[in-house]
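Me: I would like a close look at a single part of this protein, with its surroundings filled in afterwards. Could you take me through it at an unhurried pace?

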Amino acid sequence: MRQTRRAVVSMAHPVENLRQPSHLFLFSCVLEDSSVVGKAGARYIFENGYNHIANIDEALGRRWSVMRGEAFRMQVEAAGYPCTVFAV
């Protein structure tokens, strides 16, 4: 890789699938918290008055998506609503 005098941040996704050695490990990485995203999605649904809630399961087994869906379902159920999960 050539040198640059600019800040470089990798937003490669999903990071858990990267294997060392990879040139992406040379950069700072920006990661999201999938559980927080799932919970935020559930809160958005409650705040907008929806009460028939479902989740479509992750078909490809991507870890970040599975974590997001689980957090969403748990937040919905903790609020006292059922959450139907559809498998794809």
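Reply: The side chain of glutamate 58 reaches the backbone nitrogen of glycine 61 at 3.4 Å. Please keep in mind that this is a predicted model, and that the distances here are computed from its atoms. Glutamate 58 sits in the loop between S3 and H2. The side chain of glutamate 58 also makes a polar contact with the side chain of arginine 62, at 3.3 Å. That pair counts as a salt bridge too, with 3.3 Å from N to O. Side chains of opposite charge can pair when their charged atoms come close.

Is glutamate 58 buried or exposed? Its relative accessible area is 15%, so glutamate 58 counts as buried, the cut-off being under 20%. Arginine 62, its partner, has a relative accessible area of 35% and is therefore partly exposed. The salt bridge thus joins a buried glutamate 58 to a partly exposed arginine 62. Leaving out residues up to four places away in sequence, glutamate 58 touches Ser65 and Val66. Of these, Ser65 is among the buried residues of H2.

That brings us to helix H2 itself, which covers residues 63-78. H2 has 16 residues, and at 1.5 Å a residue it should span 22 Å; the C-alpha atoms at its ends are 22 Å apart, so the two values agree. Which residues of H2 are buried? They are Trp64, Ser65, Gly69, Ala71, Phe72, Arg73 and Val76. The buried residues of H2 pack against helix H1 (34-47), strand S3 (53-56) and strand S4 (83-86). Just after H2, glycine 80 takes a positive phi of about 95 degrees.

H2 also carries charged pairs of its own. Glutamate 70 forms a salt bridge with arginine 73, their closest N and O atoms lying 2.7 Å apart. These two residues are three positions apart in H2, about one turn of the helix. Arginine 73 forms a salt bridge with glutamate 77 as well, again with 2.7 Å between the closest N and O atoms. Arginine 73 and glutamate 77 are four residues apart in H2, so about one helical turn separates them. Glu70, Arg73 and Glu77 are therefore linked in a network of salt bridges. Within that network, Arg73 is buried, whereas glutamate 70 is partly exposed at 37% relative accessibility and glutamate 77 is partly exposed at 37%. A search of the whole structure finds three salt bridges, among them the pairing of glutamate 58 with arginine 62.

Now for the nonpolar side of H2. What makes up the largest nonpolar core? It has five residues: Ala42, Ile53, Phe72, Val76 and Cys83. Both Phe72 and Val76 are buried residues of H2. Apart from its neighbours within four places in sequence, valine 76 is in contact with Ala42, Phe46, Ile53, Tyr81, Pro82 and Cys83. Among those contacts, Ala42, Ile53 and Cys83 belong to the core with valine 76.

Two further positions help to place the elements around H2. Threonine 84 lies in strand S4 and counts as partly exposed, with 41% relative accessibility. Setting aside residues up to four places away in sequence, threonine 84 touches Ile53, Ala54 and Asn55. The C-alpha atoms of threonine 84 and histidine 52 are 8.7 Å apart in space, while 32 residues separate them in sequence. Valine 36, in turn, belongs to helix H1 and is partly exposed at a relative accessible area of 46%. Between valine 36 and arginine 68, 32 residues apart along the chain, the C-alpha separation is 7.7 Å.

Stepping back to the whole chain, the protein has two helices and four strands. From the N terminus on, these elements run β-β-α-β-α-β. Of its 88 residues, 20% count as buried. Among contacts with a separation of 6 or more, 60% come from residues 24 or more positions apart. The protein exposes about 7000 Å², and carbon and sulfur atoms supply 53% of that area.

To return to where we began, the side chain of glutamate 58 reaches the backbone nitrogen of glycine 61 and the side chain of arginine 62, from the loop between S3 and H2.

Terms used. Residues numbered from 1 in each chain as written. Predicted model: local features only at pLDDT ≥ 70, side-chain atom pairs only at ≥ 80, totals over all residues. Heavy atoms only, no water. Buried < 20%, exposed > 50% of the residue type's maximum accessible area, 1.4 Å probe, protein only. Contact = heavy atoms within 4.5 Å. Areas by Shrake-Rupley, 256 points an atom, 1.4 Å probe, with all protein chains shown as cover. Salt bridge = Lys/Arg side-chain N within 4 Å of Asp/Glu carboxyl O. Core = buried A, V, L, I, M, F, W, Y, C linked by side-chain atoms within 4.5 Å. Expected span 1.5 Å × (residues − 1). Polar contact = N/O pair within 3.5 Å; in protein donor to acceptor, adjacent residues only side chain to side chain.
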